[in-house]
Amino acid sequence: MLKQQRFIQSKVYFPAIIGLPVIIWAVGLLFYSGPLILSSGENPVQRVLGEVTASLVVTLLGFNLLMTTRSRRVERILGGLDKMYFIHRRSALLALALLVLHAAVSPRYPEINPGKPLGVLAMLLIFLGIALSAAPFFKRLIPYHKWLTMHRLMGPFFVLGICHSFLVPTLTGKIPLVRSYILGIALLGIGSWLYRALLHRWLHPHNSYKVTDVKRLGNAVLALEMAPTGAPLPSLPGQFAFFTFPGIDPGESHPFTIASAPEQDRLRVAIKNLGDFTRSLQKHIQVGSTVKVEGPYGVFTQSRSSAKRQIWLAGGIGITPFLAMANDFSNSELNVTLYWTVCKKEDAFFDNELRVLAERKPGLTYKLWLSDKNGPLRTEAMPEVMGSDNVAVFICGPEAFRRSLTAQLRAAGIPRRSIHSEEFTFR
Ligand SMILES: Cc1cc2nc3c(=O)[nH]c(=O)nc-3n(C[C@H](O)[C@H](O)[C@H](O)COP(=O)(O)OP(=O)(O)OC[C@H]3O[C@@H](n4cnc5c(N)ncnc54)[C@H](O)[C@@H]3O)c2cc1C
């Protein structure tokens, strides 16, 4: 019996992350007997509301910085790095709205204080940083590596905000429980940022590999095989890792899914040319090149579901996790149908391998779907979907593919909890 893994989803994360500071404030105020205002004429409701919203912003951004450390424990709790970054984005937008509310309701303190201009500066920078990072227009306009460099400035902006909160007179400073809480979250956020900025590349564990085989599959896909030069990376089929190729660009690490099964002695990845880095890799990678592999990450694995009937849907390069799963397939209790959709027959580079695997492995059925001949894959073409109440569906492919099939599966009566997908993008 497969053991199903459970995660904290956004519908649990957000009430918890908002509830935490609210409860801390409620308990703190319960035991606080001093005045709720800091200067005469202030409105106590505005004072409390202004400071609670500030605590919420600090909490959301502090936990967001924790997420950037790529802690495997945190990503597993949140359902994988892709789901974690989804929560990260939503948290940032919520923090932005709360920051505006904080500025709008907080009573103005009459005395001159260096924390005041610092607060205005921090607010403007955090506002700009989140808007530039999250707005789809800028995401399209700015290349990923430049976007990432800019996004990393959120750490220093957070530090400015924290300095502001400790310099200006606050009610927070007068309530020991709230003060300790904010200090704790500030240390968590600043520590996470410093770790990510300075220590991650040295301290985060990685495995070293050498490229043993390079296959250029058409103009668009590169298949690499690598042998470990030390301990091999322990991974589950469907997981991915961050790969750095020091001979090509020591500063860039990119996520690719491990397309080999754990018991295979060579680690394989299949990489599609989608931008500057992947194009340069296609040109310059050679047998003997060294590779740093950091991971494994992700929960797009069999632990997602205990269903014995499964449908695996792959779009284009989204076949990579299923290559690992199909190679690993040995569960006689499972009945799986893999649909791989490609634009044209020439793009189906792993067709032979998958046919052979399906012939050899009872319980695994493989179907190639050519969209130039048959149009986009639709659920009506998948008899396994119809009338099946205990089926799990795994989807990996371009966003439009994932969205369209998820909507069709939902319309066909497959519950959302039975549909598992992997995003090939983090921002
Ligand atoms: C979990 C996961 C698994 C993936 N598995 C595969 C795979 O098996 N095969 C494959 O061909 N592609 C895979 N990708 C996509 C691959 O990481 C990107 O195509 C690649 O990093 C593009 O880099 P680029 O500089 O050539 O292109 P760019 O034009 O710079 O980027 C194209 C897009 O790729 C994403 N991207 C770029 N750099 C990074 C980075 N360092 N970290 C995160 N995302 C980045 C961004 O969304 C960006 O918009 C995967 C992505 C993720 C998130």
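Two strands are said to pair if DSSP finds at least two bridges between them. In the predicted model described here, this criterion is met by strands β2 and β5, where L224 stands opposite V269 in β5. Six bridges join strand β2 to strand β5, which comprises residues 267-272, and the two run antiparallel.

Strand β2 also has a partner in strand β1. Strand β1, residues 207-217, pairs with β2 in the antiparallel sense over eight bridges. Within this pairing, Y209 has P228 of β2 as its bridge partner. The two strands form a hairpin with three residues between them, and in this hairpin G218 adopts a positive phi near 70°. Strand β2, which covers residues 221-228, is mostly shielded from the surroundings, as six of its eight residues are buried.

A parallel arrangement is found towards the end of the numbering of the strands. Strand β10, residues 391-396, and strand β11 pair in the parallel sense over four bridges. One of the matched positions is I395, whose bridge partner in β11 is S421. Helix α14, residues 399-411, takes part with these two strands in a β-α-β unit, and this unit is right-handed. In a regular strand, side chains alternate between the two faces of the sheet. Strand β11, residues 419-422, has I419 and S421 pointing one way, whereas H420 and E422 point the other way. All four of these residues are buried.

Individual backbone features were examined next. A cis peptide bond joins G295 and P296, with omega at about 0°. P296 belongs to strand β6, which spans residues 290-297. R70 is not a glycine, yet its phi is positive, at about 55°. R70 is placed in the loop between helix α2 (44-67) and helix α3 (72-77). Because its relative accessibility is 7%, R70 counts as buried, the cut-off for this class being under 20%.

The surroundings of a residue in a helix were also considered. A92 is located in helix α4, residues 81-105. With a relative accessible area of 12%, A92 is buried. In sequence, A92 and L61 are 31 residues apart, while their C-alpha atoms are 6.8 Å apart in space. When neighbours within four places in sequence are left aside, A92 is in contact with N64 and I130.

At the level of the whole protein chain, 14 helices and 11 strands are present. Of the 427 residues in the chain, 48% are buried. The C-alpha trace spans about 80 × 50 × 40 Å along its principal axes. Among contacts with a separation of 6 or more, 76% are between residues 24 or more positions apart. The chain exposes about 20,800 Å², and carbon and sulfur atoms supply 62% of this area. As regards charge, there are 47 positive and 27 negative side chains, and the centres of the two sets lie 5 Å apart.

Definitions and conventions
Residues are numbered from 1 along each chain as its sequence is written. Side-chain values use heavy atoms; hydrogens and water are left out. Buried means under 20% relative accessible area, exposed over 50%, partly exposed in between (1.4 Å probe, protein chains only). A crossover is right-handed if, with the strands pointing away from the viewer, the path from the first strand over the helix to the second runs clockwise. Contact means heavy atoms within 4.5 Å. Accessible areas come from the Shrake-Rupley method with a 1.4 Å probe; for residues, only the protein chains shown count as cover. Lys and Arg count as positive and Asp and Glu as negative; His and the chain ends are not counted. The place of a charge is taken as NZ of Lys, CZ of Arg, CG of Asp or CD of Glu.
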